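Student: Could you take me through one part of this model up close? I'd like to follow the contacts of a single loop residue, with a word on the aromatic rings too.

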Amino acid sequence: MSAGDLFIRLMKDDPSTVKGAETLILGEMLTLPQNFGNIFLGETFSSYISVHNDSNQVVKDILVKADLQTSSQRLNLSASNSAVSELKPECCIDDVIHHEVKEIGTHILVCAVSYTTQTGEKLYFRKFFKFQVLKPLDVKTKFYNAETDEVFLEAQIQNITTSPMFMEKVSLEPSMMYNVTELNNVSAGIESESTFGRMSYLQPLDTRQYLYCLKPKPEFAEKAGVIKGVTVIGKLDIVWKTNLGERGRLQTSQLQRMAPGYGDVRLSLELIPDTVSLEEPFDITCKITNCSERTMDLVLEMCNTRSVHWCGVSGRQLGKLSPSASLSIPLKLLSSVQGLQSISGLRLTDTFLKRTYEYDDIAQVCVVCPYTSPES
């Protein structure tokens, strides 16, 4: 007797095997085990449920119910809650259930069947199938505040499963205050290509960094300098596929950052060149914002440093500045030293309170010696 014939005979003699399963060479794979492994948060749990009449009698009023028990709730997944009038011998009632998994931890699928025999006896039985829902990704975020009102978000995404993932989409849905620009592509001619390549696979325990730039919308730009406390940035939307093509999706909760504190007066730069020539004047534009809740009367003083010299009259009266209001001031300066130089030495004095605010290391410029061709 061959091994195949022996296997078929054992299946026929096994009372726990579904009748006729030996012809499909699947055996106990046709029955759901008590614990059938893990599923990951964000994926869709699907199950095929079949109730088979193994007797030689017709049963009536068959009601099949499938519930999913989680740590916090019990969900009814049955497609229909109405009873089937009768079920003949060797016939089945089939149902396919789907559920997008939104909780981690232990889940129990509870399948309950009630029916009435020919003698009018009402019978009932249940089966329980347990599985674990695990966390597939570890997401960490970092915020960087630029000298302007732009905010840079770095998202570190790690695959903490034991299988590779195909990262189909990682995007940032900004809040109503911001417009977002993705910085995860490089231009290749007309088309742009992902910095991670065309085959975007994330291997087990690998981490990938995604970068986004958020800029306040025009209607919020004027208030960006005086926003205090926690601000909502947006949420990450992550879509992936596993080995067999199953799709999973996760959305983070709203990401929040602590808005930087600027004190009573904020000084920022609206215009500054990257590179300037040695001992040649260049222009910058400063923006002054009153972040306090009172009106200020400001005076601007410019103090020279060893390498940077201001051009113009110091002690300039800027006038009154109401709360949340801004003022743009063009200034001129020059550098007497080559290299990367820091712009420092601005002082703002509020004459009402006799309080002075000092601003050093406002920005940096690269100072180069202009090229002169030798005389022929």
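Tutor: Happy to! One definition before we begin: a charge sits over a ring if NZ of Lys or CZ of Arg is within 6 Å of the ring centre and within 35 degrees of the ring normal. Arg208 fits that description, lying over the face of Phe196 at 4.4 Å from the ring centre.

Bear in mind that this is a predicted model. Its mean pLDDT is 84, and 84% of the residues reach 70 or more. Residues 22-30 have a pLDDT below 50, and this stretch has 11 contacts in the model beyond near neighbours in sequence.

Now for the loop residue, Ser344. You will find Ser344 between strand 27 (339-343) and strand 28 (346-350). Ser344 counts as buried because its relative accessibility is 10%, and the cut-off for buried is under 20%. Outside the four places on either side in sequence, Ser344 touches Cys303, Thr305, Trp310, Tyr359, Asp360 and Asp361. Take Asp360 from that list: 16 residues separate Ser344 and Asp360 along the chain, yet their C-alpha atoms are 4.1 Å apart. With Asp361, the side chain of Ser344 reaches the backbone nitrogen at 2.8 Å.

As for the rings, the whole structure holds 3 aromatic pairs. One of them is Phe166 with Tyr201, edge-to-face, with 5.5 Å from centre to centre and 65° between the planes. This pair links distant parts of the chain, with Phe166 in strand 11 (residues 165-174) and Tyr201 in strand 15 (residues 201-202), 35 residues apart. Phe166 is partly exposed at 26% relative accessible area, and Tyr201 is partly exposed at 41% relative accessibility.

Key
Residues are numbered from 1 along each chain as its sequence is written. This is a predicted model: local features need pLDDT of at least 70, side-chain atom pairs count only at pLDDT 80 or more; totals for chains, interfaces and linings use all residues. Side-chain values use heavy atoms; hydrogens and water are left out. pLDDT is the predictor's confidence in each residue, from 0 to 100. Contact means heavy atoms within 4.5 Å. Helices (H or I, at least four residues) and strands (E, at least two) are DSSP runs, numbered from the N terminus. Buried means under 20% relative accessible area, exposed over 50%, partly exposed in between (1.4 Å probe, protein chains only). A polar contact is a pair of N or O atoms within 3.5 Å; within protein, one must be able to donate a hydrogen and the other to accept it, and residues adjacent in sequence count only if both atoms are side-chain atoms. Rings of Phe, Tyr and Trp (its six-membered ring) pair if their centres lie within 6.5 Å; planes under 30 degrees apart count as stacked, over 60 as edge-to-face and the rest as tilted.
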